[in-house]
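Hi everyone, thanks for having me. Today I'd like to walk you through two places in one structure, so please get the view open in front of you.

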Amino acid sequence: MSKSSQQLNVEVEEVVDDSSPSFLNNYHEIDEKVVQQIVYDALVFTTLNGLLVGDKSVQRSGRVPGVGLVHLPFSLLPPPFPQTHWNQACELAPLFNELVDRVSLDANFLQQSLSRTKKVDEFTSRLLDIHSKMLEINKKEEIRLGLFRSDYMFDEKTQSLLQIEMNTISTSFSGVGCIITQLHRNILSRYGKSLGLDSERVPTNTADSKYAEALAKAWSEYNNPSAVIIVVVQAEERNMYDQHFVSAILRERHHITTIRKTLAEINQEGEILSDGTLSVDGQVVAIVYFRAGYTPADYPSESEWKARLLIEQSSAIKCPNISYHLVGTKKIQQELAQPNVLERFFENKEDIAKLRKCFAGLWSLEDSDIVKRAIETPELFVMKPQREGGGNNIYGDDLRETLLKLQKSDSQEDAAYILMQRIFPVNTEAILVRNGFLHKDRVISEFGIFSTYLRNKDKVIVNNESGYMVRTKPSLSDEGGVLPGFGVIDSVYLT
């Protein structure tokens with residue numbers, strides 16, 4: 001450890017345990033010239049290695065590759081995280097995979113749990129309608145593929161790892177998550193000795209390869225060498241490069257063709273052949289990989305809903321199928337946290353205990369006692385609608401006002417929301433880089449564990465933890481989305 005690092009020990013011990021490396025919580029002590037050099041090197045690395053996104057100030061950046069590029073906002077050095085809790089999150093991945101699959105097969109549970117939500121949330125209602133139609137025609141998904149991500153925070157008050165949510169559709173940042181990991185390992189291999197940090201403490205990350213491998217194995221199970229994989233995308237997508245990483249690996253390592261289509265294009269060009277095969281623009285489709293379709297904005301007209309129904313009716317493998325999609329809703333997450341519900345899907349008591357241990361407090365707004373507590377102490381809760389993609393949650397005074405308004409309305413609109421315990425993670429210091437400029441802030445981090453699951457009838461082919469991504473945001477910010485401008489992409493330093 002350098003002399004400057006040794007001088008920090010007394011200060012560090014006041015805010016972190018002895019196992020935390022000095023500079024992870026004292027970035028302001030790093031010499032400014034060194035910081036500027038690291039930032040310069042990091043910006044070169046992001047450009048050479050594709051840690052890029054379309055610049056929203058450039059009109060064509062979301063449509064034409066290579067136009068209007070800017071580096072993704074990132075943290076210059078990774079935040080500390082306990083090795084034991086990291087191991088716990090990784091070990092939970094196969095259990096959550098199996099849970100999603102089992103819940104997806106319980107049609108009555110899905111329909112009943114979401115029945116009140118359906119009455120007040122049109123988006124959830126439309127998804128449930130498709131689910132119902134598949135039940136009516138007895139549509140069986142024998143090959144089931146899931147590319148999931150379970151997000152966690154480490155709660156300082158309880159000293160426990162708590163799940164934020166389980167994402168079952170369009171799980172993003174598998175590609176760029178690998179690049180930021182490489183960036184941090186690269187920085188620490190060059191500057192780690194002077195900072196008192198070890199690059200080996202940043203765990204390796206192969207999420208993009210694992211995702212591509214699972215898609216390739218599912219493609220093989222479909223058993224049609226001429227079939228393609230469709231990546232369902234938004235008409236404008238600034239985060240296209242994260243998606244292209246997986247497509248490139250599929251092409252180069254697995255010799256599988258991917259094509260990109262919007263739901264509207266699939267509706268216009270798609271048809272189901274007499275044997276149930278999905279054909280789009282004359283090409284047989286083995287897998288429909290959704291990187292869109294998770295938000296109402298992705299369905300601006302009936303064309304998109306027709307495409308979603310067409311896909312579900314076909315024999316193509318869906319990633320995810322409609323049942324997997326529904327399992328990822330906030331309401332199902334809340335229902336699974338209810339007493340004795342996990343026992344409906346698991347018999348092994350140890351597995352149930354492991355899952356339940358990471359559940360935060362989750363409640364229906366039908367629980368009048370919890371609603372009363374949330375109105376009195378809104379800072380202890382988060383109010384969540386049935387939405388994905390960030391920027392939807394309600395906090396603080398807005399939470400209280402929303403609950404009071406719902407109470408007065410005498411309607412069932414409360415079914416569109418759940419209440420969740422607010423998690424209070426340790427906040428640390430960070431150097432954040434956005435648009436080539438750095439600023440220092442107190443931050444909190446959310447850790448996402450990717451996982452892959454592939455099953456053909458009774459045979460489980462893949463059930464693995466498959467890499468990670470981290471999002472870091474200023475501790476005073478309620479929202480943490482990277483693309484909307486709140487958070488940054490990050491990795492992790494195990495302590």
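Let's start with a pair of helices: helix 3 passes helix 8 in a right-handed crossing. Please keep in mind that this is a predicted model.

How do we describe such a pair? Two packed helices are described by the angle between their axes and by the distance between those axes. Here, helix 3, residues 32-49, packs against helix 8, residues 174-195, at an angle of about 150°, and the axes lie 10 Å apart. Angles over 145 degrees count as roughly antiparallel, so that is how helix 3 and helix 8 are arranged relative to each other.

Which residues meet there? From helix 3 they include Val34, Ile38, Ala42 and Phe45, and from helix 8 they include Ile179, Leu183, Ile187 and Tyr191. Sorted by class, the contact of helix 3 with helix 8 has 9 nonpolar, 5 polar and 2 charged residues.

Now for the second place, a sheet. It is an open sheet of 3 strands, in the order 13-15-14, with antiparallel pairing. Strand 13 (362-364) and strand 14 (381-385) are at the edges with a single partner strand each, so one side of each has no neighbour in the sheet. On average, neighbouring strands here are turned by 30° against each other, ignoring direction.

Strand 14 is joined to strand 15, residues 417-421, by 5 bridges. If you want a spot to click on, Lys384 stands opposite Ile418 in strand 15.

Finally, helix 17, residues 396-409, packs on this sheet and touches strand 14 and strand 15. The direction of helix 17 makes about 60° with that of strand 14. Thanks for listening!

How values were computed:
Residues are numbered from 1 along each chain as its sequence is written. This is a predicted model: local features need pLDDT of at least 70, side-chain atom pairs count only at pLDDT 80 or more; totals for chains, interfaces and linings use all residues. Side-chain values use heavy atoms; hydrogens and water are left out. Axes are lines fitted to C-alpha atoms, for helices over the stretch in contact, and angles run from 0 to 180 degrees between N-to-C directions. Helices (H or I, at least four residues) and strands (E, at least two) are DSSP runs, numbered from the N terminus. Angles under 35 degrees count as roughly parallel, over 145 as roughly antiparallel, 65 to 115 as roughly perpendicular and the rest as oblique. A crossing is left-handed if the near helix is turned anticlockwise from the far one by less than a right angle, and right-handed if clockwise. Contact means heavy atoms within 4.5 Å. Ala, Val, Leu, Ile, Met, Phe, Trp, Tyr, Cys and Pro count as nonpolar, Asp, Glu, Lys and Arg as charged, and the others, Gly among them, as polar. Two strands pair if DSSP finds at least two bridges between them.
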